[in-house]
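Here's a quick tour for anyone about to look at this chain on screen. Have a look at the fold, then read on.

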Amino acid sequence: MMCTKWLALLAGFLGLTLLWLPLSLQAQLVLSLAALGMMFFGMTRQDNAVFRLITFIFCGVLALRYAFWRTTETLPAFSEPLNFIPGLLLYIAEMYCLVMLAISFFMLADPLKRVAPKVRSLEELPTVDVFIPTYNEDPELLAATLAAAKSMIYPREKLSVWLLDDGGTEAKRTHKDPVVALAATRRHEQLKALCKSMGVHYHARKKNDHAKAGNLNDGLRVSKAELVVVFDADHAPVREFLKETVSFFKEDPKLFLVQTPHYFLNPDPLEKNLRTFHAMPSENEMFYSVLQRGLDKWNASFFCGSAAVLRRKALDTVGGFSGQSITEDCETALSLHARGWHSIYVDKPLIAGLQPETFVAFIGQRARWCQGMLQIFILNRPFLAKGLTMGQRICYAGINLFWLFPLSRLAFMLSPLLYIFFSLEIYQANIQEFGVYALTYLIASFAMQSYLYGKVRWPWVSELYEYIQSVMLVGSIVSVIRNPRKPTFNVTAKGQTLDSNGLSPIAVPYFVIFFVLLAAAVYSVWRLATEPVASDLLMIVAIWNLINLGVAGAGLGVVAERRELRRNQRLPIRRHGLLRQGQRTWTVILVDASSGGVSVLFPEHEPDIDPDSDWSGEIEVRRGGRAVSFPVAIRSVRQCDGTNVFGFAYPQRRPETFMAIAEIMYSDQAVLQERISRRQVRLDIVRGTLRFARWSVVESFRATAYLFGFGRSGKIVSHADAPIVVKPNNAQIPARTPAVTAPVGGVRSHA
């Protein structure tokens with residue numbers, strides 16, 4: 001540790017000295033290559049703190065030298081406003097990126113990996129209230145989450161599960177519009193019956209004040225356990241959730257939060273439309289597998305709205321969950337950190353949830369995050385907040401400021417056009433200077449991205465995610481800056497289906513940008529070929545624009561939506577069971593399951609089952625010597641590696657059926673961990689660039705085909721899910737209207 005501190009001091013002195021040292025172009029080239037060499041040397045030992053610091057230091061040297069050169073040598077003259085103003089805006093965008101790079105180095109200096117302490121005695125375990133807030137989610141989704149929460153390993157007398165229904169409040173049930181009132185009353189009665197039959201508490205408050213934060217605070221009012229667990233309506237926990245989290249609170253009386261990652265069963269629009277879900281790390285893995293662990297080092301890991309355990313005593317000190325911003329989770333954590341409370345992050349997937357399926361829903365979710373984080377930055381001012389440590393100030397400010405990325409991303413996307421079309425020189429440099437300063441800095445940036453995030457983010461994917469959000473989020477940023485208190489909480493739509501291929505309703509701006517960049521690429525080639533003395537700057541800008549065109553082309557693939565056939569998302573499992581029909585019994589292996597059905601294969605004797613028949617039976621699995629069984633009906637047969645896989649649906653879904661679903665889907669945390677570990681594989685820059693280039697070409701053609709009416713698919717009707725049957729009055733909660741075919745039991749996901 002002492003060696004690391006001295007090395008940091010030496011690095012700071014070296015960086016400041018080199019920043020102001022005047023160097024010739026040749027000397028700068030030598031310095032840049034030497035710094036790159038030391039960076040790559042430091043990268044050879046990723047788990048060594050000293051080597052990690054060496055890597056950061058020499059990347060910082062390159063970044064500082066680039067910033068110094070960029071500030072002193074490349075800005076247009078103030079006397080030329082047409083060049084100076086856009087040039088200054090581009091410069092500010094670059095400096096923003098350098099600041100965020102420095103903050104990321106600080107946050108990721110020494111990421112932590114937590115291990116749950118051993119539980120010494122069951123009597124010492126605190127009481128736990130599980131809150132599942134809901135607004136407009138369907139009963140079938142809620143039943144699955146409630147069943148999983150009920151199945152968690154914990155003393156029964158110390159665990160209470162609460163469904164907090166904001167869709168059936170008294171205000172809604174007495175609404176002046178009879179349609180709204182009737183819908184709320186029906187929901188209220190249905191969910192009350194569901195909760196009673198499943199042995200959980202149902203609560204609906206009087207009014208829908210302060211959105212999710214208000215709902216959670218009303219849950220605090222009617223409950224009394226020492227710890228509060230929050231799960232989103234679509235976040236079903238594994239059985240070990242409390243086992244892996246609660247014991248931390250015994251070790252630290254000032255601990256207010258144990259946060260765990262959000263794991264998703266379904267792809268987001270990029271993963272679905274580019275077909276990367278099963279091979280490429282998901283977007284959220286960069287935050288949950290790397291950044292939250294880095295924040296944990298500085299006691300700055302924060303509440304993410306779900307999959308977390310909080311101490312009631314701590315919440316009481318700040319009046320419950322904060323509701324000033326529309327991201328109540330981060331704001332609540334900030335308030336408690338400022339009061340001296342501690343947080344812990346456990347990097348272990350312990351819930352399985354859903355994310356937005358359509359691009360419109362995806363953008364709506366990100367707009368809420370963007371506006372909420374900027375609200376916190378403006379209204380709560382974490383960089384000045386009393387009670388925070390310097391490390392916490394930097395971390396919170398960095399997390400909030402990150403959401404200004406749409407401004408810098410669009411600046412980088414559109415700046416080359418000013419020179420290509422209008423010959424505005426907003427970046428003054430020749431090709432030699434660009435190579436010595438900018439190119440070496442860019443190489444260092446890409447190398448650091450791979451070093452820090454290589455297992456969780458492939459080359460160019462960050463650029464693509466930022467671009468597709470930036471086009472739509474600029475308006476959100478402007479809105480919150482103009483009036484920080486204006487944004488309101490909107491529930492993210494999930495569980496949506498698409499019955500045919502087609503373009504997103506908000507695809508037009510992406511086509512406009514793509515075709516403008518394409519025209520710029522063609523025009524820049526024409527200028528290079530026809531101008532007698534084409535400038536070095538034109539060559540640089542043409543390459544820059546070509547890279548932007550590649551990102552925009554891949555972006556078209558994201559807004560060209562492929563149809564979504566599944567109502568309930570499957571979770572791959574490997575589990576033995578028995579299939580019974582009358583006196584006949586077969587040994588089966590369950591290969592995947594969802595809240596609508598299961599897929600099985602027969603390792604020994606395969607029965608003669610017609611998928612178009614009404615064949616039905618019962619599947620039995622065992623847990624701890626106890627049999628768990630549920631009825632099934634045949635729906636499909638498909639080929640997988642030369643083996644028949646039979647898809648069965650649940651012909652009826654009672655509360656005990658959902659308890660069985662929870663048993664087969666969420667009994668083993670290792671299933672979730674294995675899926676994440678299988679995807680977290682590094683992809684080198686060469687293969688990553690080639691893969692991205694293929695997306696750019698192929699997906700831009702696919703999207704253009706959709707634009708002109710080609711490549712669309714017809715609608716397909718499917719089996720409806722079985723209704724939910726609840727006691728005590730045997731009421732049926734009907735399934736939704738069928739829309740599309742699904743391979744197993746006609747099921748699709750919902751959140």
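## The barrel

Start with the strands: in this predicted model, six of them form a closed barrel in the order β12-β13-β14-β17-β16-β15, and the pairing is antiparallel. Going from one strand to the next, the twist averages 45 degrees.

Zoom in on one edge of that order. Strand β15 (residues 616-623) pairs with strand β16 (residues 626-640) through eight bridges, in the antiparallel sense. If you want a spot to check by eye, Arg-622 sits opposite Ala-627 in β16.

## A helix across the strands

Helix α22 (residues 655-666) lies across β12 (571-581), β13 (584-593), β14 (597-601), β15 and β16. Against β16, the helix α22 runs at about 70 degrees.

## Two helices that cross

How do α21 and α24 meet? The axes of α21 (residues 536-559) and α24 (residues 685-707) come within 7 Å and cross at roughly 55 degrees, which makes α21 oblique to α24. The crossing is left-handed.

On the α21 side, the contact uses Gly-550, Val-551, Gly-553, Ala-554, Leu-556 and Gly-557. From α24 come Phe-692, Trp-695, Ser-696, Glu-699, Ser-700, Arg-702 and Ala-703. Sorted by class, that contact has six nonpolar, five polar and two charged residues.

## How far to trust it

The chain averages a pLDDT of 89, with 91% of the residues scoring at least 70. Residues 736-751 are another story: pLDDT stays under 50 there, although the model has 90 contacts beyond four places in sequence for this stretch. Where pLDDT is low, don't read the predicted coordinates in detail.

Methods: Residues numbered from 1 in each chain as written. Predicted model: local features only at pLDDT ≥ 70, side-chain atom pairs only at ≥ 80, totals over all residues. Heavy atoms only, no water. pLDDT = per-residue confidence, 0-100. Contact = heavy atoms within 4.5 Å. Axes fitted to C-alpha atoms, helices over the stretch in contact; angles between N-to-C directions. Helix = DSSP H or I, 4+ residues; strand = E, 2+ residues; numbered from the N terminus. Parallel < 35°, antiparallel > 145°, perpendicular 65-115°, else oblique. Left-handed = near helix turned anticlockwise from the far one by under 90°. Nonpolar A, V, L, I, M, F, W, Y, C, P; charged D, E, K, R; others polar. Pairing = 2+ DSSP bridges.
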